[in-house]
Amino acid sequence: MNVVITVDPRDGRRRSTELSETDESRLEAIADQASRAAQWLSGLGRLGRADMLDRIAASLESRRADLVAAAEAETGLSTARLNQELTRAALQFRMFGDVVRDGAYVEAAIDHAADTPIGPGPDLRRMLVPLGPVAVFGASNFPFAFSVAGGDTAAALAAGCPTVLKAHPSHPLTSHASADAIESAIRDLGGPDGVIGIVYGEQAGRSLVRHPAIRAAALTGSVGAARAIQAAIDERPDPIPLYAELSSVNPIVVLPGAAADRSDRIADGLFTSFTASGGQLCTKPGLAFVPSDPAGDQLVDGLRERVASAGGAVLLNERIRDAYEKQAAAFERAGARVAARPQVEPGEGFTVAPTLLEVGLPGLTAEIADECFGPLLIVVRYRDVTELDAALATVPPSLTGAVHSGPTDQTAVVRGLVDVFAARAGRIVFDGYPTGVRVSWAQHHGGPWPSTNAVHTSVGATAIRRFLRPLAWQDAPEWILPEELRDEYAAIPRRVDGRLEWKGE
């Protein structure tokens, strides 16, 4: 049995752990436990699951010091960043507790028996119910918020789905400790084994999504990883959905009026946005369109100064480091020139130099408009705002698109850019930066392929929708109906005989 290895990206040191890659017999037991745990989750009801989610959040926070120390050693991310991320992870569980208490997510609808223009109609009642056990693949760049203790796990458990996690090889000990924190909260409620499970190893991940007990899978990762998981799913006799958040360039357009109004502030914001956490954020801006005028020159000079004086960035693992260096070289071969890149002493770990590249708008090609995971930004200089619509068509659809405008920019230009982004992004940012994804009811963290492959993604209240399916009851006796569909129940919004009703607050 293969031992799981952990690597410190700051110095490249490899250490053996007490964990082992999950073999087929162990995976079979974990999947079986998940199947049996579904009944317990269902029996908790909405309010019981909400309490469970709150307890999980508290359990994670009570182990903050140990969790953050483990993640720092495995990811090289700062203590401050990891503390913030752990707070975010706990916030996600609490938010989904609120979503479950609210109850609107079940989309309860009741049509009483009635005469219709085509004859007598039966009594019909419909709501969303859990899919069943879910497989979640942890992300490399977020050891808490998009991994074992992440939004996919919180949404799946909120929906009533047992969850089996595939630990990311970049942080196996953090994954193990996070799972233990969640399991502890569930045990305190009297929950059985299988409400949450965890597996290690690439083969275990492929076997997991092929297992008949698994009814959906979720991933935050690369297009290549998604294709590998989908290939394993395709071996099943019955299909299941894969919900994946993948590649994103997140273009930012700085209009002439914005550059003239606040070039230094924009330079500072752009630098922070593309270098934070080593540029290893799915919402990192990869392209910034800046006018070719004196104000634009001043903005780019400000970026150059900040990048030239920056220190090295520690990337999460060797594969990401190698891909970063390869992609940066490919951009240069395609015609992007280096505007700034500090000298960084080579070390034993996975440290790279932040890079600022520059290209004129005529030189923007599909090769240059590709994603680079890491602290790299390409500035695209344009001469006229009328060139932007065609240029943005070169950029792959993304999670976000951002527009910076100033007092002298025409509203028609802003509106035109918004129309372009509305068709090619899932979130439009005004006078700001896409990094920093708020956990809230109104958040959407998706976009057209290749940014995601689904309507609902892992952040925001609608993330729960991925792990539910509709079920209708026709002429059912009241005693067998879920309480949300009984006539006298009034604690959640419901559509009754076509009218939206809610007798709550």
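Colleague: Leaving aside its neighbours within four places in sequence, which residues is threonine 6 in contact with?
Modeller: Keep in mind that this is a predicted model. Threonine 6 lies in strand 1. Skipping the neighbours within four places in sequence, its contacts are Arg13, Arg14, Arg15, Thr17, Glu74, Pro172 and Leu173.

Colleague: Okay, and is threonine 6 buried or exposed?
Modeller: The cut-off to remember is that buried means under 20% relative accessible area. Threonine 6 comes out at 7%, so we call threonine 6 buried.

Colleague: Which side chain does threonine 6 join in a polar contact?
Modeller: Start with a stretch of chain far along the sequence: alanine 73 is 67 residues from threonine 6, yet their C-alpha atoms are separated by 9.0 Å. Glu74 is in the contact list of threonine 6. The polar contact, at 2.9 Å, is with the side chain of glutamate 74.

Colleague: Let's move on to charges. How many residues apart in sequence are the parts that arginine 10 and glutamate 72 tie together?
Modeller: Side chains of opposite charge can pair when their charged atoms come close. Here the closest N and O atoms of arginine 10 and glutamate 72 are 3.9 Å apart, and the two form a salt bridge. Arginine 10 sits in the loop between strand 1 and strand 2, while glutamate 72 is in helix 2, so the parts they tie together are apart in sequence by 62 residues.

Colleague: What about glutamate 183 and arginine 187: by how much of a helix are they separated?
Modeller: These two form a salt bridge, with 4.0 Å between the closest N and O atoms. Glutamate 183 is partly exposed at 25%, and arginine 187 is partly exposed too, at 46%. Both belong to helix 5 and are four residues apart, so the separation is about one helical turn.

Colleague: Which helices do aspartate 264 and arginine 306 lie in?
Modeller: Their side chains meet in a salt bridge of 3.2 Å, N to O. Aspartate 264 is partly exposed at 48%, whereas arginine 306 counts as buried at 19%. The pair ties together parts 42 residues apart in sequence, because aspartate 264 lies in helix 8 and arginine 306 in helix 9.

Colleague: Which residues are linked in a network of salt bridges?
Modeller: The model's count comes to 32 salt bridges. The linked network is made up of Asp297, Asp301, Arg304, Arg337, Glu358 and Arg381.

Colleague: Now for the sheet. Which strands are at the edges?
Modeller: Seven strands make an open sheet with mixed pairing, in the order 15-17-18-13-12-19-20. An edge strand pairs on one side only, and that's the case for strand 15 and strand 20.

Colleague: In what sense do strand 12 and strand 13 pair, parallel or antiparallel?
Modeller: Strands of a sheet pair through backbone hydrogen bonds, either parallel or antiparallel. As an example from this pair, valine 253 has phenylalanine 289 of strand 13 as its bridge partner. Strand 12 and strand 13 share two bridges, and the sense is parallel.

Colleague: Last one: which strands does helix 12 touch?
Modeller: Helix 10 packs on the sheet against strand 15, strand 17 and strand 18, and its direction makes about 20° with that of strand 18. Helix 12 also packs on the sheet, and its direction makes about 150° with that of strand 20. The strands touched by helix 12 are strand 12, strand 19 and strand 20.

Technical notes:
Residues are numbered from 1 along each chain as its sequence is written. This is a predicted model: local features need pLDDT of at least 70, side-chain atom pairs count only at pLDDT 80 or more; totals for chains, interfaces and linings use all residues. Side-chain values use heavy atoms; hydrogens and water are left out. Two strands pair if DSSP finds at least two bridges between them. Contact means heavy atoms within 4.5 Å. Axes are lines fitted to C-alpha atoms, for helices over the stretch in contact, and angles run from 0 to 180 degrees between N-to-C directions. Buried means under 20% relative accessible area, exposed over 50%, partly exposed in between (1.4 Å probe, protein chains only). A polar contact is a pair of N or O atoms within 3.5 Å; within protein, one must be able to donate a hydrogen and the other to accept it, and residues adjacent in sequence count only if both atoms are side-chain atoms.
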